[in-house]
Amino acid sequence: MVNLLRILSNSWKNFSRNIWLSVATLFMMFTALATIGGLVLFNASLDTFITGLKDKVDVSVYFADVAEEEDIVVVKSVLERRDDVSTVRYISKNEALDIFAQRHSNNQILLESLEELDGNPLQASLNIRVHNPEKFEDVVNFLENSSTSSLIDTINFKENQKVIESITSIAASVNRAGVLFTIILASLVIFVTLNTIRLAIYTARDELHIMKLVGASNWFARAPFVVTGAMYGLASGLIVILFTYLGTWLLHSQVSLIFADIDFYGYFIANIWSFSAIIIVSGVVMGAGSSYFAVRRYIKV
Amino acid sequence: MLIFQEVTKTYAPDIVALDSASIRIGAGEFVSLVGRSGAGKSTILRLLLREEAPTSGKVFFQGIDITTFDEKELPFYRRKVASVFQDFKLLSSKNVFENVAFAMEAAGRSNKEIYEDVPAALNVVGLTGKEARFPHEISGGEKQRVAIARALVQRPEILAADEPTGNLDPIHSADITNLLLKINNLGTAIILATHDETVINSIKKRVITLHDGKVIADKERGSYNIK
């Protein structure tokens, strides 16, 4: 316990008595952790974008006029029980007519032509969305081979297939690019942080040498630097969290004008604990870990 | 207590710093190592501190071959062999009190012992009242006193002093020499490496003379005599 208190005391003295070095190191770690925080928000927005993209893809199943509403509702509930199906929306013949009329409310000729017809020419349909656009084909095959296939007039999957495949491909590419970008940037950030800490430790190499010569054990010489590194990580992490809160709060209305689907502030608040944990753990691990390895070469006396 | 047995130290490619040196030093002795620069004085002290290992030969301290110590055993050994250097080797981010106390903290001594021994050691070296000063705020002579106080609190068996007066003026050099004699009178063996003629001739203790890495003379009451 006494040794632990001594280590903490020596760590604080390292931190506070080399104030310019501490400020410079804090600034570098802040930059590194802010980049990591930015990557977290970036990946969250990327997920939102990809989800949004996938959500725009749907398939409609049009039922023949002989299909009764109860039958269509049965098909709906069967589809909803599938794991690969996200949502199924039933659009009755009347609702379809209302949607059509609304969509073409400026086209009087079209609307008058409709009134001329006997009955409602539009079909009842089910609008299907899946979790993964690659699963559309499975759902369509299921419907075409099911006992209710005789009720189905058309499925617009084939017409949309190329679009669906393009969107799926784009989403996958964006995801891969995002992962690669994250890995590269995070690696750069970690590399810069490691070298910043190494430089800070380099300035203390003589002190480490002296400590070993007067009889300090490796851990007694090393521990204050490791704890100081962790302190740098913790302090800069807390500053990053504060800046992220202020930044997303102040800018979220401007950001939503450009990216309507993305709410950084909302995401941050909803995930504040996990975001903070990622930042602080990253900071402490980078700071303490860098110090541990940087000190190693100078205590081999 | 301390035996150098046919110790040779070479540095690549073919620099012989010490050549089959054999020395025996008893408990409580005061021994000066003299010689020109490059004679091997500092090499002996570095080997004693296990900063380096001999190329051949053995070094025994209290009957134990110190070359066999591993990383975990070295700190315990170094607490028994204190050292004072020409460049003082103080911790720049710690004040006078903390520099002296560090040696005790590293040895795991209690706060009570630290708060008793450190002021006492600073009193012996004449630095009472300067506990809060940092190394850059004190003179060269005072820095060396801090280093000696740090050595004192370790209560070492041997104190190795490598050119402790090298960066000091004659007055401060005399002060440091007197302090070393005082410590020796308390029972600590002193090994003093120096090429300061005045210091050697004033001490009138055992002198081992080195030349090109070899021991060429060993006199009980020696004087500075380098060809």
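Here are a few questions and answers about how helices and nonpolar residues pack in this predicted model.

Reader: How are α7(A) and α11(A) oriented to each other?
Author: Start with the axes: helix α7 (residues 157-202) of chain A and helix α11 (residues 272-296) of chain A come within 9 Å and cross at roughly 50 degrees. That angle is neither under 35 degrees nor in the 65 to 115 range. So the two helices, α7(A) and α11(A), are oblique.

Reader: Which hand does the crossing of α7(A) and α11(A) have, and how many charged residues are in their contact?
Author: The crossing where α7(A) passes α11(A) is right-handed. On the α7(A) side you'll find Ile190(A) and Arg198(A), among others, and the α11(A) side includes Met286(A) and Ser290(A). Sorted by class, that contact has 7 nonpolar and 4 polar residues, and the charged count is 1.

Reader: How is α2(A) set against α7(A)?
Author: The axis of helix α2 (residues 19-55) of chain A comes within 10 Å of the α7(A) axis, and they cross at roughly 175 degrees. Anything over 145 counts as roughly antiparallel. So that's what α2(A) is to α7(A): roughly antiparallel.

Reader: Which helix gives the largest share of the largest nonpolar core?
Author: This core has 108 residues, and Leu33(B) and Val100(B) are among those with the most contacts inside it. Val100(B), for one, touches Val118(B), Leu122(B) and Ala149(B), among others further than four places away in sequence. The largest share, 10 residues, comes from chain A, from helix α9 (residues 218-258).

Reader: How many residues are in the second, separate core?
Author: Val88(A), Ala124(A), Val139(A) and Ile155(A) are included in it. The size of this second core is 17 residues.

Terms used: Residues are numbered from 1 along each chain as its sequence is written. Chains are lettered from A and ligands numbered from 1 in the order in which they are written. This is a predicted model: local features need pLDDT of at least 70, side-chain atom pairs count only at pLDDT 80 or more; totals for chains, interfaces and linings use all residues. Axes are lines fitted to C-alpha atoms, for helices over the stretch in contact, and angles run from 0 to 180 degrees between N-to-C directions. Helices (H or I, at least four residues) and strands (E, at least two) are DSSP runs, numbered from the N terminus. A crossing is left-handed if the near helix is turned anticlockwise from the far one by less than a right angle, and right-handed if clockwise. Two residues are in contact if their C-beta atoms, placed from the backbone, lie within 7 Å. Ala, Val, Leu, Ile, Met, Phe, Trp, Tyr, Cys and Pro count as nonpolar, Asp, Glu, Lys and Arg as charged, and the others, Gly among them, as polar. A nonpolar core is a set of buried Ala, Val, Leu, Ile, Met, Phe, Trp, Tyr and Cys residues joined through C-beta atoms within 7 Å. A residue is buried if 20 or more other C-beta atoms lie within 10 Å of its own, exposed if 12 or fewer, and partly exposed in between; C-beta atoms are placed from the backbone.
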